[in-house]
Structure formats: C-alpha cells, structure tokens
Amino acid sequence: MRQRIVIAIGLLMDPDLIIADEPTTALDVTIQAEIMELMLELCERNNVALILITHDLGVVSQVTQRTMVMYAGRVIEQGPTKEIINDAQHPYTQGLINALPQMGVRGERLQQIRGSMPTLQAIPKGCAFSNRCDYATERCRVIPEFTRSGGCLVACHMVEEMVAQSENKAQEGGA
Ligand code: SF4
C-alpha cells in the first residue's frame with residue numbers, strides 16, 4: 001500500500017518523467033508484478049516517461065524498452081533491452097545474466113562474477129571491471145570508448161576487436 005501511495009504522490013504533480021529507484025525492493029514477486037503493472041498503466045495513461053533503476057534483471061526484461069548497464073558509476077553497455085538480455089556483449093553484463101538461475105537446471109552451482117565491486121576510492125585505472133574480468137589485457141589499463149555492436153553501445157576493448165574481426169571477415173567475403 002505504501003508503494004501505491006508513493007506512486008500516487010509521484011503522479012500528483014503531473015510529471016513528464018518519473019525516476020523510480022528500486023520501486024519494488026522487498027516486495028514478493030506477486031505484489032512486485034502488481035505494482036509494476038500499476039505503474040506502467042498509470043505512466044502510459046498519463047503520458048509519463050519512466051526511468052527504472054533496479055538490480056532485478058527479471059523486472060528489466062519484462063518492463064523496459066531500453067537498458068543502460070552501469071558498473072562502478074560508469075555506463076558500460078546500453079541499447080534495446082531485448083538485445084542486451086539475449087546477447088549481452090560486455091563481460092560484466094554477461095556475468096550478471098549468467099548468474100541468474102535457469103528454469104529446469106537443478107543441482108548446479110550458479111555462476112558468479114569473481115571478486116567484488118571495488119570501493120569508489122579503489123576503482124582500477126582504465127576499465128573499472130578489469131580486476132574481475134577474465135578477458136582483461138594490458139590495453140584495459142585505458143578506459144574503453146563505446147563501440148557499436150548491433151543496436152548496442154559497449155564500453156569494452158574486447159568488443160572493439162570482435163567488431164574489427166567481423167568487419168575483416170565481411171571484407172574478405174566480399175573480395
Ligand atoms: S575493457 Fe578489458 S577489462 Fe574491461 S570488460 Fe573489456 S576486456 Fe574486460
């Protein structure tokens with residue numbers, strides 16, 4: 001009921017945009033679905049845009065159209081939600097998705113990203129994910145620029161290489 005009241009307060013001032021930070025935290029799955037449905041319905045009816053901040057990839061995949069993944073305060077991957085959920089390119093996003101339990105898989109340990117999130121005082125130089133990334137190399141000491149991959153932008157040197165390789169293959173195929 002409190003969540004519903006907060007949503008009502010949020011809509012009272014007739015906003016163009018609502019920023020909802022973990023709006024369904026601590027709710028069970030059924031109530032969470034009800035709250036999200038209510039919020040989406042009200043936003044649609046009142047023509048309000050919604051930015052959802054959440055750690056819950058299930059909610060992200062069901063509710064959002066576009067996703068921006070952040071690590072240590074930086075955006076590391078962004079694009080259409082379906083593309084990110086089905087074909088994540090950044091090693092951190094891949095790690096998050098691989099850590100989710102899979103329907104029908106029993107008795108296996110969940111995959112986890114090794115290490116833990118650095119404190120803001122100890123973010124590695126270059127790519128902030130480099131001390132946890134299995135693909136890290138010397139060049140990851142430099143902060144990666146965004147590289148386009150499909151409909152997404154990905155901040156990772158590995159993606160740059162993969163895009164270059166596929167461009168080379170396409171050129172060889174066309175020669
Ligand atoms: S830039 Fe390097 S360390 Fe960072 S995610 Fe990509 S491969 Fe890993």
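# Reading a two-domain model

Me: Four residues of domain 1 are in contact with seven residues of domain 2. How is the protein divided into these two domains?

Reply: This is a predicted model, and what follows should be read with that in mind. Domain 1 covers residues 1-64, whereas domain 2 is built from two segments, 66-101 and 112-175. The centres of the two domains, taken over C-alpha atoms, are separated by 28 Å, and the C-alpha atoms of the whole protein fill a box of roughly 60 × 40 × 40 Å along the principal axes.

Me: Which pattern of helices and strands does the protein follow along the sequence?

Reply: One begins with the inventory, which here comes to six helices and six strands, and then reads their order, which is α-β-α-β-α-β-β-α-α-β-β-α. Contacts add a view across the sequence: among those between residues at least 6 apart, 46% join residues at least 24 apart.

Me: What share of the residues is buried, and which residues have the most contacts inside the largest nonpolar core?

Reply: Buried residues make up 33% of the 175 residues. The largest nonpolar core has 17 residues, and those with the most contacts inside it are Val69, Tyr71, Ile76, Tyr92, Phe129, Val154 and Cys156. Strand 3 (66-71), strand 6 (152-155) and helix 6 (157-174) each supply at least two residues of this core. A second, separate core has 13 residues, among them Ile7, Ile18, Met36 and Met39.

Me: With which residues is Ile76, from the largest core, in contact once its sequence neighbours are left aside?

Reply: Beyond four places in sequence, Ile76 is in contact with Val69, Met70, Tyr71, His90, Tyr92, Thr93, Phe146, Leu153, Val154 and Ala155. Two of these partners, His90 and Thr93, can be followed further.

Me: Where is Thr93 found, and is Thr93 buried or exposed?

Reply: Thr93 is found in helix 5, residues 91-98, and counts as buried because its relative accessibility is 4%, with the cut-off for burial set at under 20%. Apart from neighbours within four places in sequence, Thr93 is in contact with Val69, Ile76, Glu77, Ile84 and Ala88.

Me: Glu77 appears among those partners; is Glu77 buried or exposed?

Reply: Glu77, found in strand 4, is buried, with a relative accessible area of 0%. Outside the four-place window, Glu77 is in contact with Thr67, Met68, Val69, Ile84, Ala88, Gln89, His90, Thr93, Leu153 and Val154. Glu77 and Phe129 lie 52 residues apart in sequence, with 12 Å between their C-alpha atoms.

Me: And where does His90 lie, and which residues does His90 touch?

Reply: His90 is found in the loop between helix 4 (81-86) and helix 5, and although this is a loop position, His90 is buried, with a relative accessible area of 1%. Not counting residues up to four places away, His90 touches Ile76, Glu77, Phe129, Val154, Ala155 and Cys156. His90 and Asp134, 44 residues apart in sequence, are 12 Å apart from C-alpha to C-alpha.

Me: Is Glu37 buried or exposed?

Reply: Glu37, which is found in helix 2, is exposed, with a relative accessible area of 56%. Its C-alpha atom and that of Val63, 26 residues away along the chain, are separated by 8.6 Å.

Me: How should one read backbone torsions, and what is the phi of Asn47 and of Ala72?

Reply: Most residues other than glycine have a negative phi. Asn47 is not a glycine, and has a positive phi of about 55°; Ala72 likewise has a positive phi, near 50°. Asn47 is found in the loop between helix 2 (29-45) and strand 2 (49-53), while Ala72 has its place in the loop between strand 3 and strand 4 (74-80). As for accessibility, Asn47 counts as exposed at 68%, whereas Ala72 is buried at 14%.

Me: Finally, how much surface does the protein expose, and how many positive and negative side chains are there?

Reply: The protein exposes about 12200 Å², of which carbon and sulfur atoms supply 54%. There are 15 positive and 21 negative side chains, and the centres of the two sets lie 6 Å apart.

Note on methods: Residues numbered from 1 in each chain as written. Predicted model: local features only at pLDDT ≥ 70, side-chain atom pairs only at ≥ 80, totals over all residues. Heavy atoms only, no water. Helix = DSSP H or I, 4+ residues; strand = E, 2+ residues; numbered from the N terminus. Buried < 20%, exposed > 50% of the residue type's maximum accessible area, 1.4 Å probe, protein only. Contact = heavy atoms within 4.5 Å. Areas by Shrake-Rupley, 256 points an atom, 1.4 Å probe, with all protein chains shown as cover. Lys, Arg positive; Asp, Glu negative; His and termini not counted. Charge placed at Lys NZ, Arg CZ, Asp CG, Glu CD. Core = buried A, V, L, I, M, F, W, Y, C linked by side-chain atoms within 4.5 Å. Domains from an automatic or database assignment.
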